Amino acid sequence: MATTVAASCILGAELSTTAGTEDLQAAYGVFAQEATQLKEDYQPQTVNTDGWEATQTAWKNLFPGVTPILCFLHTVLAIGQRCRSQVTLLKTLMDKLWDIYHAASAAEFMERLRHMQVWAIGQTLPETIMTKILHLSVKASQFTIAYDFPQAHRTSNMLDRLMNYQNRILFSMQYFHGHQDSANLALRAMAMLWNFHPYSRRSQPSPSDTISPFEQLNGFYYHPNWLRNFLIASSINGRGGGKFNKHTIH
């Protein structure tokens with residue numbers, strides 16, 4: 001699933017038949033096309049992705065000016081998975097990795113990384129963990145580039161959280177049935193329901209809290225009832241013909 005997320009909303013969700021660059025570019029291209037329909041000069045500055053090269057290449061082909069930023073969380077998880085049963089070692093490694101992540105500058109990031117690698121060489125660590133730690137130097141430039149974009153996301157937590165929502169629904173429905181078009185419609189329906197679903201009472205302790213991801217992103221809602229808000233927002237102002245007309249609030 002080529003899923004694009006921002007501001008807690010699912011902005012794009014399209015099925016890709018393979019994980020190769022060509023198919024991923026076609027799938028992410030649906031989001032790119034719809035984004036430019038809304039704003040002709042739409043150009044994201046950065047995009048946070050996992051380490052799958054085909055994903056980054058697809059984004060660079062679709063948006064030549066975009067800067068891919070590698071998710072640091074995926075590296076933390078990859079190392080952590082290799083020592084789950086060793087609680088003390090796991091905590092030590094997690095503390096050191098997140099200490100690197102919280103460096104205030106690229107230079108400090110590199111310095112903390114070097115200190116960790118020196119520490120690791122002096123330990124008796126499993127080879128799989130040692131390899132991952134030493135390999136961090138190769139990825140360092142993809143992590144430190146984020147310091148040039150202070151507002152950029154450095155982990156893909158937001159995407160992972162919403163893809164977890166997609167995964168749970170797909171597991172419950174025993175994944176896709178029919179053909180690719182119906183699968184894409186199912187993915188888009190999931191995305192729209194997520195974007196307009198009402199937050200729980202615990203997430204809305206005061207009347208000024210946002211009622212849904214849609215309101216959180218846009219700063220307004222059309223109607224306090226989530227379903228009516230959903231129907232109005234997705235109505236294209238009642239106009240068909242495939243031409244988008246911006247909504248206005250009176």
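In this predicted model, helices α8 and α10 cross in a right-handed way. The two helices, the second of which covers residues 226-233, pack at an angle of about 125°, and their axes lie 10 Å apart. Angles of 65 to 115 degrees would count as roughly perpendicular and those over 145 as roughly antiparallel, so α8 and α10 come out as oblique to each other. On the α8 side, the contact is built from Met192, Leu193 and Phe196, while α10 brings in Trp226, Asn229, Phe230 and Ala233. Sorted by type, the residues of this contact are six nonpolar and one polar, with no charged ones.

Helix α8 also has a partner in α7. Here α7 (residues 157-172) and α8 (residues 180-196) pack at an angle of about 125°, with 11 Å between their axes. That angle makes α7 oblique to α8. The crossing of α7 and α8 is right-handed. From α7, the residues that touch are Leu162, Tyr165, Gln166, Ile169 and Leu170; from α8, they are Leu187, Met190, Leu193 and Trp194. Eight of the residues in the contact of α7 with α8 are nonpolar, one is polar and none is charged. Leu193 turns up in this list, and Leu193 is also part of the α8 contact with α10.

Stepping back, what does the whole chain look like? The protein chain has ten helices and four strands. Going along the sequence, these elements come in the order β-β-α-β-α-β-α-α-α-α-α-α-α-α. The C-alpha atoms fit in a box of roughly 65 × 45 × 40 Å, taken along the principal axes. Of the chain's 250 residues, 37% count as buried. Looking at contacts between residues at least 6 apart in sequence, 53% of them join residues at least 24 apart.

Next comes the inside of the protein. The largest nonpolar core has 23 residues, and the members that touch the most others are Phe72, Leu93, Leu97, Ile129 and Ile133. Four helices each give two or more residues to this core: α3 (72-80), α4 (87-101), α5 (106-121) and α6 (127-144). Phe72 is worth a look of its own. Leaving out residues up to four places away in sequence, Phe72 touches Leu97, Trp98, Tyr101, Phe109, Phe143, Arg154 and Thr155. There is also a second, separate core of 14 residues, and Leu15, Leu159, Ala191 and Trp194 are among them. Trp194 is also one of the α8 residues in the contact with α7.

Two single residues round off the picture. Is Thr55 buried or exposed? Thr55 sits in helix α2 (residues 53-62). The relative accessibility of Thr55 is 9%, so this residue counts as buried. Setting aside residues up to four places away in sequence, Thr55 touches Leu24, Tyr28, Thr49 and Asp50.

Ile211, by contrast, is found in a loop, the one between α8 and α9 (213-218). With a relative accessibility of 16%, Ile211 counts as buried, because the cut-off for that label is under 20%. How far apart are the C-alpha atoms of Ile211 and Ile79? Along the chain, these two residues are 132 residues apart, and their C-alpha atoms are separated by 38 Å.

How values were computed:
Residues numbered from 1 in each chain as written. Predicted model: local features only at pLDDT ≥ 70, side-chain atom pairs only at ≥ 80, totals over all residues. Heavy atoms only, no water. Axes fitted to C-alpha atoms, helices over the stretch in contact; angles between N-to-C directions. Parallel < 35°, antiparallel > 145°, perpendicular 65-115°, else oblique. Left-handed = near helix turned anticlockwise from the far one by under 90°. Contact = heavy atoms within 4.5 Å. Nonpolar A, V, L, I, M, F, W, Y, C, P; charged D, E, K, R; others polar. Core = buried A, V, L, I, M, F, W, Y, C linked by side-chain atoms within 4.5 Å. Buried < 20%, exposed > 50% of the residue type's maximum accessible area, 1.4 Å probe, protein only.
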